[in-house]
Amino acid sequence: AVGPRLEDLARQDVPVAAWCQACGHHKVLPAGPLLERLDRRTAVAAVARRLSCSACGSRRIETRPHYAGLGVVAGHRWHGE
């Protein structure tokens, strides 16, 4: 299973959560601007391959849908913005 795609998130108005495995920096990215740069059928998990960390420059990024109300995904370090 590929999981949700950018077009699914845009339709549901759900942003993409991205975090750096190297330094723990994270950001919530609206799906709209990502759709302008990437194919609408791109799997949300695959968006990570197109990103680098704005804090440390690492390309060790993970991305997932940022569904409101689910809280922090276990096992990932989130730091204040």
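Trainee: Let me start with one pair: which residue in E2 does Ala 18 stand opposite?

Mentor: Ala 18 stands opposite Lys 27 in E2. Before we go on, note that this is a predicted model, in which local features need pLDDT of at least 70 and side-chain atom pairs count only at pLDDT 80 or more, while totals for chains, interfaces and linings use all residues. Residues are numbered from 1 along each chain as its sequence is written, and side-chain values use heavy atoms, with hydrogens and water left out.

Trainee: Thanks! How are labels such as E2 assigned, and what is the order of elements in the protein chain?

Mentor: Helices (H or I, at least four residues) and strands (E, at least two) are DSSP runs, numbered from the N terminus. Here the protein chain has two helices and three strands, and from the N terminus on they run α-β-β-α-β.

Trainee: How do I read strand pairing, and in which sense do E1 and E2 pair?

Mentor: Two strands pair if DSSP finds at least two bridges between them. E1 (residues 16–20) and E2 (residues 26–29) pair in the antiparallel sense over four bridges. Their hairpin has five residues between the strands, and Gly 24 takes a positive phi near 85° there. E1 is also joined to E3 by five bridges, and these two strands run antiparallel. In E3, Pro 65 is the bridge partner of Val 16.

Trainee: Next, burial. Why is E1 described as largely enclosed by the rest of the structure?

Mentor: Buried means under 20% relative accessible area, exposed over 50%, and partly exposed in between (1.4 Å probe, protein chains only). Five of the five residues of E1 are buried, so the strand is largely enclosed by the rest of the structure. Both of its faces are covered, with Val 16, Ala 18 and Cys 20 on one side and Ala 17 and Trp 19 on the other. For the whole protein chain, 33% of the 81 residues count as buried.

Trainee: What surrounds Val 16, and which residues does it touch?

Mentor: Contact means heavy atoms within 4.5 Å. Val 16 has a relative accessible area of 0%. Not counting residues up to four places away in sequence, Val 16 touches ten named neighbours you can look up, including Leu 6, Leu 9, Leu 34 and Val 44. Val 16 and Val 44 are 28 residues apart in sequence, yet 7.3 Å apart in space, C-alpha to C-alpha.

Trainee: And Thr 63: which backbone atoms does its side chain reach?

Mentor: A polar contact is a pair of N or O atoms within 3.5 Å; within protein, one must be able to donate a hydrogen and the other to accept it, and residues adjacent in sequence count only if both atoms are side-chain atoms. Thr 63 lies in E3 (residues 61–65) and is buried, with a relative accessible area of 5%. Its side chain reaches the backbone oxygen of Ala 45 at 3.4 Å and the backbone nitrogen of Ala 48 at 3.3 Å.

Trainee: Last one: which elements each supply at least two residues of the lining of the largest pocket?

Mentor: Rolling a probe the size of a water molecule over the atoms shows where empty space is left. In this model, E1, E2 and helix H2 (31–37) each supply at least two lining residues of the largest pocket.
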